[in-house]
Each structure stands twice: as structure tokens, then as C-alpha cells.
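Hi,

Here is the structure I said I would pass on. Have a look at it first, and then read my notes below.

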Amino acid sequence: MVLSKTSSESDDSVHSTFASRYVRTSLPRFEMPEKSIPKEAAYQIINDELMLDGNPRLNLASFVTTWMEPECDKLMMASINKNYVDMDEYPVTTELQNRCVNIIARLFNAPLKEEETAIGVGTVGSSEAIMLAGLAFKRNWQNKRKAEGKPYDKPNIVTGANVQVCWEKFANYFEVELKEVKLSEGYYVMDPIKAVEMVDENTICVAAILGSTLNGEFEDVKLLHDLLIEKNKQTGWDTPIHVDAASGGFIAPFIYPELEWDFRLPLVKSINVSGHKYGLVYAGIGWVIWRTKQDLPEELIFHINYLGADQPTFTLNFSKGSSQVIAQYYQLIRLGYEGYRNVMENCRENAIVLRKGLEKTGCFNIISKDEGIPLVAFSLKDNSLHNEFEVSETLRRFGWIVPAYTMPADVQHVTVLRVVIREDFSRTLAERLVSDIVKVLHELDTLPARLNAKMVEAEENNLMINNNNNNNNNVKKTEIEVQRAIADFWKKYVLARKASVC
């Protein structure tokens, strides 16, 4: 007798994943399904959707690391189930974080004695690090004002208009006025002279950017420091400096070692840096370092004992993974000073290759500077027919993700394309990108500039109608006004397309 078993209706393990009913019917998007599905089907459904994401290696918009060595990947996976906040349970992980803090503090020339421990903390990124640094500045300022019997309800912070959005979040969330130094055409970073002019007795700190998101340029922290020293002497204030070195903190020490921007300058009280950018770790790790213990008010540090021992904590969140901390320590000891210098020099050289390739086309103005983050920011010399947004959109057909964006207020008529050079962006890819950009330009040149022409015509017609209504004079917009209108149109167009995709 032959014994056989008939599979139950719910047993799909004997079928091909794509033949099962679970991937042949859609699951609810915003509600939990009533019944379970096999793990293979769940994996396949999610994996299939993720295939439609862009390729991280070709995402040239991002500063965030997209490649690490397999050995580091193994360490990260082995510690993915460790909650970093359980310091008593995972003392070695805590020790590795402390080593990272001390290594980075000494890299930034913190005034530490040989056996002295640095003051700092690991965060989920520079955004959290900036929040913590800002809170420390605010509390120190408030404490001093209270002791002097002066009002302490109107703190402000001075930055350039080129700061990353996390500074706006800090000002909004923690009720600090954000005083921005406006940019000017050809000068897309904070002007130290104008910044110091905006400082008053309520300024908790001036924030300088070591590597602007817009064009990669380093702000002149040394000049800012010297001007602020003089103003403090004249006024009796002691306004400090915070350096947002999210992108440049792991670059300047290795390829611009003589540049004075860090704790060598006495007014620099804290520095943040992103480990997941040029610290060469996957997304999810940042660091904030304070000059001395006195720069971090003790009342901001909480002590807990319900995890097994007394543990100090100064973070905005509580639980977080240990993997990125371990990965940061791996990179610091694996590469060492020599390795980081080699990586950063290679990135800089590849940026030069890309810049020269773009210059040879004769079609672009280079906005980025030679000294700064290894990136290339550039704009079209002639955008009367086609603009940077069209170049960005067309490059996606080749797989490249190259952002186009307008500059902040007062220079918003300037539109820029930007390519960030990371460790995994080789010279071959740089040369291929230039080749594809040339193809895109040729393709756009053969197409009628319908949208741009219509936009210009519509803007001119609107202006003439308005003028006719006012004084019956037909006055056309200036070239800059037309460029601004076109840039605004394309910005709205791209945002509308993204919204429709979502």
C-alpha cells in the first residue's frame, strides 16, 4: 500500500513563491492583514518592492556612507541585537564608544592631558548631536544670566543661511531665535564679519559650518574666532562658537591639517561630526565632543539605575543599536590616520577629475571650491532653453541620482547640481558620469524647450497684464527675474512629481 499525504489548503511550502496565493493577491497597505503568510512570501513581497529603489552607490545626492568592508558588515550583524543603552549588560560596547569619543576628541585637538578622559557622546547622527550641543549652550547662557540677575527668555543663535535644516529644527523645538546671515551671489557661506555684527548679549553661540551642504565650502572659523574675540573684549561678553563639522570633521584633519577650525581655537566649545558620512560608517552614528567638562552642564546629564547599575545618559532618545558604534571603532583602528588620509585624498582627486571633465564640456560654471568637502557643485552657463532640473531628471534614466536645487534666500535664482564624492565613487565612475552628462546635454539640445519657453512667455504675459492694469506700460522682466521664475516653476514641478509617485 502506498501512503500519501495531501497538503492542506494553507500549506504553500511545496509551491513556488510566485505561484502561491500570497504574492498573486495584494496585501492591505495601511492595515495589518488578518492572517499570517509564509516567511518566504513576506520576504519576496518586500524585496520586490525594494527593487524599485534607487541604487545607493549611484545616489550622488547623499553624503552618507554606502559601502563598508565585509569584515565590518559581519561585526555589525553580530551586534545588531544589542541595545546600546544597556551599558551594564554590554560593558565592552560601552568601552568601545568611550574609545571612539577620546580618539575623535584628540583628532580635533581637545586640550586633554595624557590620561584625561574626553567629554562627548555617540548619537544617531549630527542632527541629535547639534540638538545636544545647542541645549548645552542654552543652559550655560541661562545659568549665567540668572546669576547676573538679567533676563534669560530671549536666547538667539547666529548662523549662515546655508545651514542644514537641523539648525532650524533646534531653534524651533527649543525656542531659540535663529539669526541667519544672508548669502550673496558668488559667496555661498556665512560671512564672519556680518555674523559677528549680529551677535548680541542674548547670543548663546555662533555656529560655523565646516563643509556647507550647498557647495562643500569650509567657513572661515579662524577669522570668525578672531573677530569674536575682539567683540567679546569690547562688550564683556563671552559668546562661544560651535563648529558643525558633520561632513568636514573627518576630512580636514587628514588633508588640511594646518587649517585652524577646531579646539585649537579657545572659543570653540563643542564640535559635532557625522560618523556615517566621511567617518565611513553606515547611516545611524554621529558624535558631539565638548572642549571641557564645564562646557556641558551637569544638570543636563541624567542618571539611571534600573538597568543594573548607575548609568549617566545625555541623549534625546533612549534605546539605540550598538552596531554603528562598533563599526566606527572598526574603521578608526582598521584605517588609522594613514588609511583615512588615503581615502580622503582619493576622494579629493576623483572630485578634481569630475570637475575638470565638466569644465571641458564648456557648459558649466563650477560653484564648489578647491578646499572643502570632495564634491562638485555646478550650474549651467546657459539655462535659457533647458535648466538644471531637466538635467537632473534626465540623468535618472542612466541610473544616476544627481540633485538639482535652488540656493537660499537672496540667491534663490541660482540653481545648482551637486555630486558628492564618497569612498566608493571611483575614477571610472567619475569619467562615466561626465560621459552620461554630455549625452544628456546633447539629448536636451535636440528637444524643443517647450516648458521653459512657455514659462518665460507666461511670466512675461502676466507681467505685461499687471503693468497694463497699473500704468498701461509694457515692461518685461529682467533676466534674473525670469531665471527665478523658471527655477520656482521647476522646483514645484519636481516636488509635484515626487508627491504623485508617493
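Which residues of α10 meet which residues of α12? On the α10 side they are Glu349, Asn350, Val353, Leu354, Gly357, Leu358 and Thr361. Their counterparts in α12 are Arg427, Ala430, Glu431, Leu433, Val434, Ile437 and Val438. Before you read on, please keep in mind that this is a predicted model.

To find the two helices, look for α10 at residues 323-361 and α12 at residues 427-445. Their axes are 9 Å apart and make an angle of about 20 degrees. Since angles under 35 degrees count that way, α10 is roughly parallel to α12. The crossing of this pair is right-handed.

Valine 438 is a handy place to zoom in, as this residue of α12 is on the list of residues that meet α10. Glycine 357 is on the α10 list, and although 81 residues separate it from valine 438 along the chain, their C-alpha atoms are 9.9 Å apart. Is valine 438 buried or exposed? Neither, quite: its relative accessibility is 40%, and because the range between 20% and 50% counts as partly exposed, that is the label it gets.

Now for the sheet that α10 lies across. Helix α10 covers β10, β11 and β13, and it runs at about 15 degrees to β11. These strands belong to an open sheet of four, in the order β10-β11-β13-β12, with antiparallel pairing. The edges are β10 (364-366) and β12 (404-406); each has a single partner strand, so one side of each has no neighbour in the sheet. From one strand to the next, the twist averages 40 degrees.

At the β12 edge, three bridges join β12 to β13 (residues 415-420), and the two run antiparallel. If you want one pair to click on, alanine 404 has leucine 417 in β13 as its bridge partner.

Leucine 417 turns up again around alanine 377, which touches it. Alanine 377 sits in β11, and with a relative accessible area of 0% it is buried, because anything under 20% counts as such. Leaving out residues up to four places away in sequence, its contacts include Asn365, Ile366, Val416 and Arg418, as well as Leu214 and Asn215. Valine 419 is 42 residues away from alanine 377 along the chain, yet their C-alpha atoms are separated by 6.4 Å.

Elsewhere there is parallel pairing to look at, around β4 (residues 203-209). How many of the residues of β4 are buried? Seven of its seven are, so to speak of it as mostly covered is fair. On one pairing, β4 goes with β2 (residues 156-160) in the parallel sense over three bridges, and asparagine 156 has threonine 203 as its bridge partner. On another, four bridges join β4 to β5 (residues 241-244), again parallel, with alanine 207 opposite histidine 242. Between β4 and β5 the chain passes through α8 (residues 221-235), and this β-α-β crossover is right-handed.

One last stop is threonine 94, in helix α4 (residues 91-107). Its relative accessibility is 14%, which means that it counts as buried. It touches Tyr84 and Met87, not counting residues up to four places away in sequence.

Cheers

Terms used: Residues numbered from 1 in each chain as written. Predicted model: local features only at pLDDT ≥ 70, side-chain atom pairs only at ≥ 80, totals over all residues. Heavy atoms only, no water. Buried < 20%, exposed > 50% of the residue type's maximum accessible area, 1.4 Å probe, protein only. Pairing = 2+ DSSP bridges. Right-handed = clockwise from strand over helix to strand, strands pointing away. Contact = heavy atoms within 4.5 Å. Axes fitted to C-alpha atoms, helices over the stretch in contact; angles between N-to-C directions. Parallel < 35°, antiparallel > 145°, perpendicular 65-115°, else oblique. Left-handed = near helix turned anticlockwise from the far one by under 90°.
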